Amino acid sequence: WRSWTNIGVLVNYLIKKEVDIHNLTFLKQILPKDPTIFMYCILVNIRISGMSQETAVLSGLQQLRGSVITGYCALYTVMGDLSKSRSEESMERLIEGASRDGEEEKRKRKKRSRERPRTANTL
């Protein structure tokens with residue numbers, strides 16, 4: 001995949017610009033088998049130090065896009081910490097508590113319905 005995707009050209013460009021490459025990940029689509037959508041994806045995990053390196057990476061992507069690298073090329077960034085925020089954890093605790101309370105109410109109603117006298121009709 002390294003040769004037929006021409007990812008080596010991008011890697012060499014990044015090395016020349018002294019961009020720190022952490023890893024390359026090649027992903028192949030399994031399902032659905034549809035030739036009209038992306039079948040392969042290559043993720044290049046890099047560390048960019050400053051706006052000059054970011055500009056160099058964007059410039060390189062633009063130069064290689066459509067000619068050397070025939071697939072879709074874009075630069076993405078991680079927006080903050082990937083761990084859960086306090087507000088997300090708080091929301092999860094709230095939902096879990098509400099779910100527990102709802103289950104307890106169901107059990108109480110079920111118990112009350114079993115304790116009620118039942119009537120039966122016979123002919």
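Helices and strands are runs assigned by DSSP and numbered from the N terminus, and in this predicted model that numbering lets us place Glu18 in the loop between helix 1 and strand 1, the latter covering residues 20-28. The phi angle of Glu18 is near 60°, which is a positive value in a residue other than glycine. Glu18 counts as exposed because its relative accessibility is 67%, and the cut-off for that word is over 50%.

A second residue can be read in the same careful way. Asn6 lies in the segment before helix 1, a helix that spans 7-16, and the phi of Asn6 is again a positive value near 60° in a residue other than glycine. With a relative accessibility of 30%, however, Asn6 counts as partly exposed, since that term is used between the limits of 20% and 50%.

From Glu18 we can move on to Gln53, a residue of helix 2, because Glu18 is among the residues that Gln53 touches when those up to four places away in sequence are not counted. The other residues touched by Gln53 on this count are Lys17, Val19, Arg47 and Ile48. Gln53 has a relative accessible area of 13% and is therefore buried, as buried means under 20%.

The last stop is on the surface, where Phe38, Tyr72 and Tyr76 form a nonpolar patch whose accessible area together is about 480 Å². One of these residues, Tyr72, is found in the loop between helix 2 (50-64) and helix 3 (86-115), and Tyr72 counts as exposed because its relative accessibility is 60%.

Technical notes. Residues are numbered from 1 along each chain as its sequence is written. This is a predicted model: local features need pLDDT of at least 70, side-chain atom pairs count only at pLDDT 80 or more; totals for chains, interfaces and linings use all residues. Side-chain values use heavy atoms; hydrogens and water are left out. Patches are made of residues with over 30% relative accessible area and no salt bridge: like charges are joined within 9 Å, nonpolar side chains (Val, Leu, Ile, Met, Phe, Trp, Tyr) within 5 Å. Accessible areas come from the Shrake-Rupley method with a 1.4 Å probe; for residues, only the protein chains shown count as cover. A salt bridge is a side-chain nitrogen of Lys or Arg within 4 Å of a carboxyl oxygen of Asp or Glu. Helices (H or I, at least four residues) and strands (E, at least two) are DSSP runs, numbered from the N terminus. Buried means under 20% relative accessible area, exposed over 50%, partly exposed in between (1.4 Å probe, protein chains only). Contact means heavy atoms within 4.5 Å.
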